Amino acid sequence: MKIELPGKVALVTGGTRGIGLEICQAFAAAGAKVALCARDGAKAEETAKQLGGGARGYACDVSIPAQVEAFAKAVDKDFGQIDVLVNNAGFTKDNLLFLLTEADWDSVVDTNLKGTFLMTKYAARGMIKRRWGRVINITSVVGLNGNKGQSNYSASKAGIIGFTKSVAKELASRNVLVNAVAPGFVETELTQSVTPEARKYFLDNIPLGRLGQSSEVAAAVLFLASDLASYITGQVLVVDGGMVM
Ligand code: NDP
């Protein structure tokens with residue numbers, strides 16, 4: 001069954017590479033109009049051009065409230081509405097607890113968790129008015145299980161799960177569904193810095209015996225954005241080859 005989202009406007013944060021780019025490509029292939037952002041605005045515009053289908057790229061740092069508000073307003077103006085929001089932008093700044101600085105903590109929590117809150121706040125207003133909307137937050141298995149050296153990242157991703165469930169309860173009566181997708185270990189730029197030992201550890205603990213592909217995460221996001229998922233809200237869909245079960 002091919003998922004189609006003709007005419008829907010999908011806003012994807014962090015859409016210029018890795019999982020976010022694959023999500024943008026999946027939405028474009030399904031006939032949705034894509035608005036994507038990254039801190040590197042030129043790269044966002046170039047990515048949108050390559051996507052085609054009227055996609056547009058914007059410069060936005062999701063950790064900065066004024067930029068998020070301006071971005072959501074610009075998408076509303078350029079596309080008329082926002083139907084689907086994918087909070088994908090995220091990054092890591094790993095260190096063991098006693099070496100982790102306050103700045104490392106703040107930068108990761110501000111992008112991953114506060115960015116998700118801000119984007120949802122500004123993008124969901126129209127969804128509520130139109131009584132249709134989808135918010136899909138990219139968390140991580142690290143938000144479920146924790147990970148040595150990633151207390152800031154893990155806290156931000158666990159926070160996203162709590163946020164998802166609370167907002168799902170708030171917006172359900174307006175037919176705005178809010179879910180999270182928790183990828184495991186996916187081959188992207190973000191995971192390229194992982195040491196060979198850590199890589200081996202992960203591989204040894206993935207029942208399917210391989211790393212995930214960005215396209216496999218994008219497929220879960222597309223499903224949650226579609227009418228196939230019309231009775232699902234407040235859930236965490238884990239896409240990890242069986243690592244967490
Ligand atoms: P990448 O580093 O490959 O891509 C991150 C994207 O987010 C880029 O487009 C980047 O563009 C953008 N970005 C980063 N910070 C910001 C910001 N403050 N504001 C706006 N855009 C930003 O990451 P992945 O594709 O690997 O990860 C995507 C999401 O999936 C993240 O939330 C990550 O935590 C999550 N995840 C990834 C896993 C993996 O194994 N790869 C596993 C579990 C979860 P720019 O730098 O120009 O801003």
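Select the ligand and then the 29 residues that surround it, each having a heavy atom within 4 Å of it; the closest of them are Thr16, Asn88, Tyr153, Val186 and Thr188. This is a predicted model, in which local features need pLDDT of at least 70 and side-chain atom pairs count only at pLDDT 80 or more, while totals for chains, interfaces and linings use all residues. Residues are numbered from 1 along each chain as its sequence is written, and side-chain values use heavy atoms, with hydrogens and water left out.

Colour the shell by residue class next: it divides into eleven nonpolar, twelve polar and six charged residues, where Tyr and Cys count as nonpolar and Gly as polar. Helix H1 (18-29) and helix H6 (151-171), both DSSP runs (H or I) of at least four residues, each supply at least two residues of this shell.

Now display the polar contacts, which are pairs of N or O atoms within 3.5 Å. A polar side-chain atom of Tyr153 lies 2.5 Å from an oxygen atom of the ligand, a polar side-chain atom of Thr111 lies 3.5 Å from a nitrogen atom of the ligand, and a backbone N or O atom of Cys60 also lies 3.5 Å from a ligand nitrogen. The protein covers 96% of the 890 Å² of accessible area that the ligand has on its own, by the Shrake-Rupley method with a 1.4 Å probe.

Finally, select Arg17 and Glu189, whose side chains meet in a salt bridge at 3.3 Å, N to O (a side-chain nitrogen of Lys or Arg within 4 Å of a carboxyl oxygen of Asp or Glu). The two residues are 172 residues apart and link distant parts of the chain.

Conventions. Polar contact = N/O pair within 3.5 Å; in protein donor to acceptor, adjacent residues only side chain to side chain.
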